[in-house]
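Please open the structure in your viewer and keep the sequence panel visible beside it. The tour below proceeds by selections, each followed by a description of what is found there.

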Amino acid sequence: MTVAAVLLVYAACAGTVGSRMLGRARWPARAPLLAIITYLAAAWSVVAALGLAGLTLAVHATALGGGLSQLIGACVLRLRDAYATPGGATAAGLGLTLAAAVMSRTALTAVTHLRAVRQHAVRHAQTARLVGHAEPALGAVLVDHEQPAAYCVAGPHPTVILTTAALQTLDPDQLDAVLAHERAHLASHHHRLLAIAKIGRQVLPFLPLMRDADTQITRLVEMHADDAATADRDAGPLATALVVLAAAGPAPGLAAAATDAVQRIQRLLRPAEPLSRVRRQLLRAGAAALALTPVLLALTPAVVVLALGRVPTA
């Protein structure tokens with residue numbers, strides 16, 4: 001019961017206070033990919049904590065303190081003892097219900113979302129190829145349209161889509177930078193990171209952290225693509241291209257000017273100092289700690305039992 005309560009408290013704190021802490025941090029724009037990993041680790045640690053809280057209510061974690069045969073025997077004994085009393089049966093039932101609800105909702109949400117995204121991506125890519133024509137020199141499908149736009153469609157048939165208006169409006173350097181941005185989305189599999197964030201939000205939509213992770217990762221993947229596109233070239237052409245594309249109007253997801261164009265333009269023109277190696281290592285360790293915290297909390301009683309069992313007695 002104590003371990004389950006601790007896991008529930010962790011989930012509540014991380015899902016609320018954690019959101020505010022990450023939201024106030026200034027370093028994510030300086031290390032977008034690391035920030036994405038941190039947000040995902042924090043968000044999914046909440047899901048894991050809720051699932052493990054249910055499991056520890058049903059089967060005490062101290063049952064893990066022995067070998068396999070002892071584990072099975074301990075689980076059977078604890079389950080029998082739990083269901084032998086009304087209070088124990090209620091707690092175990094609630095635990096199993098919570099664990100099953102978290103796992104089933106996560107699985108169902110993931111399957112539904114990924115299937116819908118895949119179908120949409122396939123249809124969009126096929127439609128673009130039908131109404132447009134491939135331009136091997138550009139590595140994109142050119143679509144006749146009066147609005148300047150450039151975006152990519154991931155999935156089974158990854159495609160970069162460019163409108164004729166964008167081709168006419170952007171100069172060669174700007175066009176190269178925009179296409180590099182879109183290819184960076186596909187090469188870095190940003191659509192998968194977005195899908196993981198959106199699934200987490202749909203599983204626990206009432207927690208601020210899940211909503212913020214979805215919103216922030218949408219911004220951060222654009223910054224990461226910007227960084228990849230300007231790694232070996234001047235950032236000026238991409239910044240100018242963002243001005244042109246943003247002024248043209250709303251763009252689809254994973255588009256060059258889809259999200260926070262003004263902030264991204266300022267970031268490109270006035271880049272901040274990169275994070276030091278030490279700070280990056282500390283942030284990586286923090287992300288790993290977030291991901292492992294629910295498991296460590298759930299296994300703490302078992303670790304204590306193992307430690308005490310190895311202490312020689314007088």
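## First stop: helices H2 and H7

Select helices H2 and H7, whose axes cross at roughly 30° and come within 10 Å of each other. H2 is therefore roughly parallel to H7, since an angle under 35 degrees is counted in that way. The crossing of this pair is left-handed. The model on the screen is a predicted one.

Next, display the side chains where the two helices meet. On the H2 side, select Ile36, Leu40 and Trp44; on the H7 side, select Leu193, Ile196, Ala197, Ile199 and Gly200. Sorted by class, this contact of H2 with H7 contains 7 nonpolar residues, 1 polar residue and no charged residues.

## Second stop: Trp44

Keep Trp44 selected and hide the other side chains. Trp44 lies in helix H2, which covers residues 32–58. Is Trp44 buried or exposed, or does it fall in between? Its relative accessibility is 25%, so Trp44 counts as partly exposed.

Now show the surroundings of this residue. Apart from residues up to four places away in sequence, Trp44 touches Thr106, Ile196, Ile199 and Gly200. Ile196, Ile199 and Gly200 also belong to the H7 side of the previous stop. Then add Leu290 to the selection: Leu290 and Trp44 are 246 residues apart along the chain, and their C-alpha atoms are separated by 9.0 Å.

## Third stop: the loop before H7

Select His189, which sits in the loop between helix H6 (172–187) and helix H7 (190–203). What is the phi of His189? It is near 55°, a positive value in a residue that is not glycine. For comparison, most residues other than glycine have a negative phi. His189 has a relative accessible area of 35% and is therefore partly exposed.

## Fourth stop: helices H6 and H8

From the loop, move back to H6 and add helix H8, residues 208–229. The axes of H6 and H8 are 8 Å apart, and the two helices pack at an angle of about 125°. This angle makes H6 oblique to H8. H6 passes H8 in a right-handed crossing.

Which residues meet here? H6 contributes Ala177, Ala180, His181, Ala184 and His185, while H8 contributes Val221, Glu222, Ala225, Asp226, Ala228 and Ala229. Colouring them by class gives 7 nonpolar, 2 polar and 2 charged residues in the contact of H6 with H8.

## Fifth stop: helices H9 and H10

Select H9 (residues 236–247) together with H10 (residues 261–269). Their axes are 9 Å apart, and the packing angle is about 165°. H9 is therefore roughly antiparallel to H10, because angles over 145 degrees are placed in that group. H9 passes H10 in a left-handed crossing.

Show the side chains of the contact. H9 supplies Leu238, Ala239, Leu242, Val243 and Ala246, and H10 supplies Ala261, Arg264, Ile265, Leu268 and Leu269. The residues in this contact of H9 with H10 are 9 nonpolar, no polar and 1 charged.

## Sixth stop: Arg267

Remain on H10 and select Arg267, which is placed in this helix. Why does Arg267 count as buried? Its relative accessibility is 16%, and buried means under 20%.

Add Asp227 to the selection and examine the two side chains, which are joined by a polar contact of 2.7 Å. Beyond its neighbours within four places in sequence, Arg267 is in contact with Ala29, Pro32, Met223, Asp226 and Asp227. Of these, Asp226 has already appeared on the H8 side of the contact with H6.

## Seventh stop: Gln126

Select Gln126 in helix H4, which runs over residues 86–131. With 44% relative accessibility, Gln126 counts as partly exposed. Then select Thr159, which is 33 residues from Gln126 in sequence; C-alpha to C-alpha, the two are 9.5 Å apart in space.

## Last stop: the whole chain

Finally, clear the selection and display the entire protein. How many helices and strands are there? The protein has 11 helices and 4 strands. Among its 314 residues, 43% count as buried. Of the contacts in the protein with a separation of 6 or more, 70% come from residues 24 or more positions apart.

Terms used. Residues numbered from 1 in each chain as written. Predicted model: local features only at pLDDT ≥ 70, side-chain atom pairs only at ≥ 80, totals over all residues. Heavy atoms only, no water. Axes fitted to C-alpha atoms, helices over the stretch in contact; angles between N-to-C directions. Parallel < 35°, antiparallel > 145°, perpendicular 65-115°, else oblique. Left-handed = near helix turned anticlockwise from the far one by under 90°. Contact = heavy atoms within 4.5 Å. Nonpolar A, V, L, I, M, F, W, Y, C, P; charged D, E, K, R; others polar. Buried < 20%, exposed > 50% of the residue type's maximum accessible area, 1.4 Å probe, protein only. Polar contact = N/O pair within 3.5 Å; in protein donor to acceptor, adjacent residues only side chain to side chain.
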